[in-house]
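Me: Before I rely on any label attached to this model, I would like to see the reasoning behind it. Please set each value against its definition.

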Amino acid sequence: MLNKAPTKIYDYIIVGAGSAGCVLANRLSENGKYTVCILEAGPADKTPLASIPAAFGGFMFSKKYNWAYNAKPESSIRNGEPIFVPRGKMLGGSSSTNAMLYIRGQKQDYDHWQSLGNEGWSYNDILPYFKRSESNTRGECHYHGGNGPLHVSDGTVGYPVNKAFIAASAEAGYNITNDFNNDSQEGAGYYQCTIKDGKRCSAAKAYLVPALTRKNITAIVEALTTKIIIEHKIAVGVEYIKRGKSHVIKANREVIISGGAINSPQLLMLSGIGEKHQLQQLGIDCIHHLPGVGKNLQEHVDACVLVKSKKRDGLSTSLRGLLRMLPDTLKYMTKKQGKLANTITEAGAFLKSNEQLDRPDIQLHMAPLLYDDNGRAIKLMMNEGYSCHVCVLRPKSTGTVTLKSANPTISPEIDFNFFSHPADKKILIDGIKVIRKIFAAPSFDEYRGEELHPGIQAQCDEEIFVKSKELLGTVFHPVGTCKMGNDEAAVVNHQLQVHGINHLRVVDASIMPTLISGNTNAPTMAIAEKAADMILSAAHQLSLNNQ
Ligand SMILES: Cc1cc2nc3c(=O)[nH]c(=O)nc-3n(C[C@H](O)[C@H](O)[C@H](O)COP(=O)(O)OP(=O)(O)OC[C@H]3O[C@@H](n4cnc5c(N)ncnc54)[C@H](O)[C@@H]3O)c2cc1C
């Protein structure tokens, strides 16, 4: 039943207050000319988990703040158990639950988008938006911003094993870098993070919360958007459910979907935009046949090497390990400093899986603990150990997000279809060998215990691959399901407008035509910064035309 109150009308409606949605809400309301309503399915971000950097693992056990999806199981992967797919569900979206690593990817990623026919998306086009969003504690320079809302800082190295990782990388012959986000990404080093004064700087904290003092912005939490209302191929509003009641709001100008790479295609399909046959099978009226919706799912497939440690200076969930954290807990409570003030993944690398390549094709995430299954393998973590995860930076395998039901509260099916392209397998295997090479270097001598996974018995490529698949995971970077482009599989054009429907855009990680070479939060925020410019300039043009 729809409510009887008069229908509220806004200039812009944004669905989803995640990394992209928060940026848009701020920028579109900034000049005071337009009214903006942003709808978020999850609650406000008041939980301490959303502030304390090291607490991000806690979200893996939450259904309140996490969509907590499971991907379609595959018998040869994780022994048939589904890969867990965490996505943030609160103000800030995944930027409130992520590991906070600040990475942009490689110049060639964006030049490639442009070469696919997406005018205005080259690296030189997007660099100003990265800079506009960023306030780097190292100050402004050619590559970095010094004045933006998103705070980016260096952490103090809390875990000595991360120092061993950097030293060992140098011993193994790899470059060491102090900035993964300048002209060359290659090397091992410490990650800069979206952390301000010891607290997480999510998109909500950076962009949305400061804007909420404006009179022209409305944020509605715990509001699940169930449908985009489309009349004569024009998006005119949305339906949402809050506390079990259905509501309708209208948009004068545009509806913008920023639900992330899983939920945005789901919402489009629920609204009748997608592959006609699939929609009809679920009893959904097809308003516009757009077969690319939910296709082209790309994700950083991830494997790991887990090693027992002879030293006890890492993170462990044993009683002894937890007691070891006490001084840091006190330090955090009193000064917002120490291990809790930083991400767990302090160090990592962007490397080439084979020397013939001209740029890195793998990323390493070093962890001072035995980390598997998104940190849900509690029993494993009770042991002393360290791990390094490797992912394929530009996977060629693509998967799908499809509807299981026309009911918006039922999760869509996520099929990563990992290794459907053979190239990804070789890169992952070679990545494991790169980690082993680093772990074999002298700086790890005082740490190195038994290799628990893949285990030394896995030596040839096929053995490494089969064992790696047993603990296979992702780096939480699904993209591409509403890809930008002009081909048949494209969902939005280079202005991020949905093909075939007026006044409707998608602005989030789902529009990436190909996955960028690194973590996806900063790129998603830069996409939203650029989209805000496009939307405001279209509005400006319209007002000139109407004069
Ligand atoms: C556990 C984890 C760790 C990560 N670590 C890093 C990292 O260290 N560095 C990095 O760069 N990236 C990281 N990422 C990835 C990065 O955070 C995401 O790529 C980025 O946040 C995606 O932004 P988005 O706007 O596309 O989607 P999100 O930020 O996920 O936002 C989507 C929002 O829309 C809301 N929503 C969805 N559907 C609806 C609906 N129907 N109605 C209303 N609201 C809806 C959701 O609740 C959510 O708040 C991580 C992600 C996760 C989950």
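Me: What makes the pair Asp533 and Arg132 a salt bridge?

Reply: The term requires a side-chain nitrogen of Lys or Arg within 4 Å of a carboxyl oxygen of Asp or Glu. The side chains of Asp533 and Arg132 meet at 3.2 Å, N to O, so the pair satisfies that limit. Because Asp533 lies in helix α13 and Arg132 in helix α3 (residues 123-133), the bridge ties together parts that are 401 residues apart in sequence. Helices here are DSSP runs (H or I, at least four residues), and strands are runs of E with at least two residues, both numbered from the N terminus.

Me: How do you know what kind of model and atoms these values rest on?

Reply: This is a predicted model, in which local features need pLDDT of at least 70 and side-chain atom pairs count only at pLDDT 80 or more, while totals for chains, interfaces and linings use all residues. Residues are numbered from 1 along each chain as its sequence is written, and side-chain values use heavy atoms, with hydrogens and water left out.

Me: Why are Asp533 and Arg132 called partly exposed?

Reply: Buried means under 20% relative accessible area and exposed over 50%, with partly exposed in between (1.4 Å probe, protein chains only). Asp533 has 28% relative accessibility and therefore counts as partly exposed, and Arg132, with a relative accessible area of 33%, is also partly exposed.

Me: Which other pairs meet in a salt bridge, and which residues are joined into one network?

Reply: Among the 28 salt bridges found in a search of the whole structure are Arg376 with Asp373 at 3.2 Å, N to O, and Arg448 with Asp445 at 2.9 Å, N to O. Bridges that share partners join Arg27, Glu30, Arg132, Glu529 and Asp533 into one network.

Me: What makes the approach of Ser19, Glu40 and Trp67 to the ligand polar contacts?

Reply: A polar contact is a pair of N or O atoms within 3.5 Å; within protein, one must be able to donate a hydrogen and the other to accept it, and residues adjacent in sequence count only if both atoms are side-chain atoms. A polar side-chain atom of Ser19 lies 2.6 Å from a ligand oxygen, an N or O atom in the side chain of Glu40 is 2.6 Å from an oxygen of the ligand, and for Trp67 the value is 3.0 Å, so these pairs fall within the 3.5 Å limit.
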